Amino acid sequence: WFNISVSECLPIDSVLNIFYSSSTIVDDTSIGTTYDGSGTMQNIEDILLDMAKRKVYWWVDTDFSAKNLVSKFTRSRVAGGVISQNNKSELNAHREWLLSLFDGLL
C-alpha cells in the first residue's frame with residue numbers, strides 16, 4: 001500500500017501511460033522519460049515489441065507475444081480512497097472489499 005496524503009492521487013497504472021510517455025533532456029548525457037500518459041503518442045508497435053521482449057505481460061492477456069502483438073483484454077489498476085494506516089480492521093475490510101470486486105471477473 002502507498003503512503004500518500006489526502007490531497008494526492010496515485011496515477012492510474014495502465015499501458016496507456018507507456019503509449020503516451022514523454023522524454024526530457026536531463027543533462028548532456030541523459031534523457032529522462034516520464035510514463036504518466038500525458039505525453040505524445042509513441043510508436044505503438046515498437047512499444048508492444050519491447051513489452052514482449054522484456055516479458056511485460058501485466059496489462060495484456062495470455063495470447064500476447066512477440067508473434068501476436070494483440071490483446072483481447074487489457075488491465076489497468078486504479079487506487080482510490082483514503083484508509084487510515086493505524087486502523088488495521090478498516091484496512092483489512094477495505095482489502096477484502098477490493099478483492100471481492102474481482103471475484104466475478106476471474
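Where is the place of Lys55? In this predicted model, Lys55 sits in the loop between helix H2 and strand S4 (76-77), and the legends below begin with the whole chain and then come back to that loop.

**View 1. The protein chain as a whole combines three helices with four strands.**
Read from the N terminus on, the elements of this predicted chain follow the order β-α-β-β-α-β-α, which can serve as a guide while the close-up views are compared with the sequence. The chain has 106 residues, of which 18% count as buried. Among the contacts in the chain with a separation of 6 or more, 29% are accounted for by residues that lie 24 or more positions apart.

**View 2. The largest nonpolar core brings together ten residues.**
The members of this core are Val15, Ile18, Phe19, Ile47, Leu48, Met51, Ala52, Trp59, Val60 and Phe64. Helix H1 (15-19) and helix H2 (44-54) each contribute at least two residues to this core, and the largest share, four residues, is supplied by H2. As a general background to such a view, nonpolar side chains in soluble globular proteins tend to be buried together. Within the core, Met51 is a useful residue to follow, for, when residues up to four places away in sequence are not counted, Met51 touches Val15, Val56, Trp59, Val60 and Phe64.

**View 3. Ile47 is a core residue with its place in helix H2.**
Is Ile47 buried or exposed? Ile47 counts as buried because its relative accessibility is 13%, and the limit for that class is under 20% relative accessible area. When the neighbours within four places in sequence are left aside, the contacts of Ile47 are with Ile18, Phe19 and Gln42. A further residue to locate in this view is Leu69, which lies 22 residues away from Ile47 along the chain, with a separation of 9.8 Å between the two C-alpha atoms.

**View 4. The second largest pocket has a volume of about 160 Å³.**
Its lining is made up of Ile18, Tyr35, Ile47, Asp50, Met51, Arg54, Val56 and Trp59, and H2 gives the most to this lining, with four residues. By residue class, the lining divides into six nonpolar and two charged residues, with no polar ones. Ile47 and Met51, already met in the core, appear again in the lining of this pocket.

**View 5. Strands S2 and S3 form a hairpin with two residues between them.**
Strand S2 (residues 22-27) lies largely in the open, because the number of buried residues among its six is zero. S2 pairs with strand S3 (residues 30-34) in the antiparallel sense, over five bridges. Two positions help to trace the pairing: Ser23 has Thr33 in S3 as its bridge partner, while Thr24 stands opposite Gly32 in S3. In a regular strand, as a general rule, the side chains alternate between the two faces of the sheet.

**View 6. Lys55 has a positive phi of about 60 degrees although it is not a glycine.**
This view returns to the loop between H2 and S4, where Lys55 has its place. Lys55 counts as exposed because its relative accessibility is 60%, and the limit for that class is over 50%.

**View 7. Ala66 and Leu69 are both shown against residues with which they are in contact.**
Ala66 is found in the loop between H2 and S4, and Leu69 is likewise placed in the loop between H2 and S4. With 52% relative accessibility, Ala66 counts as exposed, whereas Leu69, with a relative accessible area of 22%, is partly exposed. Which residues is Ala66 in contact with, leaving aside its neighbours within four places in sequence? They are Leu49 and Ala52. On the same condition, Leu69 is in contact with Glu45, Leu48, Leu49, Ala52 and Phe64. Two C-alpha separations complete the view: Ala66 and Lys53, 13 residues apart along the chain, are separated by 6.9 Å, and Leu69 and Ala52, 17 residues apart along the chain, are separated by 7.9 Å.

Technical notes. Residues are numbered from 1 along each chain as its sequence is written. This is a predicted model: local features need pLDDT of at least 70, side-chain atom pairs count only at pLDDT 80 or more; totals for chains, interfaces and linings use all residues. Side-chain values use heavy atoms; hydrogens and water are left out. A nonpolar core is a set of buried Ala, Val, Leu, Ile, Met, Phe, Trp, Tyr and Cys residues joined through side-chain atoms within 4.5 Å. Buried means under 20% relative accessible area, exposed over 50%, partly exposed in between (1.4 Å probe, protein chains only). Contact means heavy atoms within 4.5 Å. On a 1 Å grid over the protein atoms alone, a cavity is a set of points where a 1.4 Å probe fits but cannot get out, and a pocket is an open set with protein on both sides within 12 Å along at least five of seven lines; lining residues have an atom within 4 Å of a point. Grid points are joined across faces, edges and corners, and a volume is the space filled by probe spheres set on the points. Ala, Val, Leu, Ile, Met, Phe, Trp, Tyr, Cys and Pro count as nonpolar, Asp, Glu, Lys and Arg as charged, and the others, Gly among them, as polar. Two strands pair if DSSP finds at least two bridges between them.
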